[in-house]
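Thank you for coming, everyone. I would like to take a few minutes to walk through one structure, going from helix packing to a few single residues, so please have it open in front of you.

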Amino acid sequence: MDIDVRGPRFGAAVTTVVLAAVLVTGSAWLLAWQTLAFALGAAGGVGRSPYGWVFRGVVRPRIGPPVEFESPRPPRFAQAVGLAFAAAGLIGFTLGPGWLGLAATGAALAAAFLNAAFGYCLGCEMYLVVRRVAVRAE
């Protein structure tokens, strides 16, 4: 079942704010929250993440029904990529080195911002490249 394209973009906007706050405050707890949000999105799809719940329950009823849909697979893969970067950042912030926390969080922030501001999902594009390579390898 396809998903409303506005949902992942909303999630990316919230993620952008959260990750920017992590970089400003250095809060490992806030990054742990974002890591959990990525984990839920990677495991169950973007609709099962906390930001997906907010989008479905609060935002979408106010902006109307969707007019454009996309496959849930690329955004789910993007959540897994975000999870990897957030986990690396969490390790850096909690165990060190600190530069790892900053770099990994900054990379995740850059990707989330691209999606939120321009609708360009790096993780989704990575998914498509991986699929093309897998098909050619068969």
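**Helix packing and selected residues**

Let me begin where α2 meets α4: on the α2 side the residues in contact are Ala28, Leu31, Ala32, Thr35, Ala37, Phe38, Ala39, Gly41, Ala42, Ala43 and Gly44, and on the α4 side they are Arg76, Gln79, Ala80, Gly82, Leu83, Ala86, Ala87, Gly89, Leu90, Phe93 and Thr94. Sorted by class, the residues of this contact between α2 and α4 comprise 14 nonpolar, seven polar and one charged. I should say at this point that what we are looking at is a predicted model, and that the values I quote are computed from it.

In general, two packed helices are described by the angle between their axes and by the distance between those axes. For α2 and helix α4, which covers residues 73-94, the axes come within 8 Å and cross at roughly 155°. Angles over 145 degrees count as roughly antiparallel, and α2 and α4 are therefore roughly antiparallel to each other. Their crossing is left-handed.

If you now turn to the other side of the story, α1 against α2, you will find that these axes come within 9 Å and cross at roughly 150°, which makes α1 roughly antiparallel to α2. The crossing of α1 and α2 is left-handed. Here Thr15, Val18, Leu19, Ala21 and Val22 in α1 meet Leu30, Leu31, Gln34 and Phe38 in α2, and the residues of this contact divide into seven nonpolar, two polar and no charged.

Staying with α1, which runs over residues 6-25, I would like to point out Thr16. Is Thr16 buried or exposed? Its relative accessible area is 13%, so Thr16 is buried, since the cut-off for that word is under 20%. Leaving out residues up to four places away in sequence, Thr16 touches Leu109, Ala112, Phe113 and Ala116.

Another residue to find is Ser49, which sits in the loop between α2 (28-44) and α3 (50-63). With a relative accessible area of 5%, Ser49 is buried as well. Once its neighbours within four places in sequence are set aside, Ser49 is in contact with Ala37, Leu40 and Gly41, and Ala37 and Gly41 are also among the α2 residues that meet α4.

Moving along the chain, Leu100 has its place in helix α5, residues 98-118. At 24% relative accessibility, Leu100 counts as partly exposed. Which residues does Leu100 touch, not counting those up to four places away in sequence? They are Ala88, Gly89, Ile91 and Gly92, and of these Gly89 is one of the α4 residues in contact with α2. The C-alpha atom of Leu100 is separated by 36 Å from that of Asp2, and these two residues are 98 residues apart along the chain.

Finally, let me come to the cysteines, as the structure holds one disulfide. It joins Cys121 to Cys124, with 2.4 Å from S to S. With 70° about the S-S bond, the link of Cys121 and Cys124 is right-handed. Cys121 is buried, with a relative accessible area of 13%, and Cys124, at 10% relative accessibility, counts as buried too.

That is the end of the tour, and I am happy to take questions.

Methods: Residues numbered from 1 in each chain as written. Predicted model: local features only at pLDDT ≥ 70, side-chain atom pairs only at ≥ 80, totals over all residues. Heavy atoms only, no water. Disulfide = S-S within 2.5 Å. Buried < 20%, exposed > 50% of the residue type's maximum accessible area, 1.4 Å probe, protein only. Helix = DSSP H or I, 4+ residues; strand = E, 2+ residues; numbered from the N terminus. Contact = heavy atoms within 4.5 Å. Axes fitted to C-alpha atoms, helices over the stretch in contact; angles between N-to-C directions. Parallel < 35°, antiparallel > 145°, perpendicular 65-115°, else oblique. Left-handed = near helix turned anticlockwise from the far one by under 90°. Nonpolar A, V, L, I, M, F, W, Y, C, P; charged D, E, K, R; others polar.
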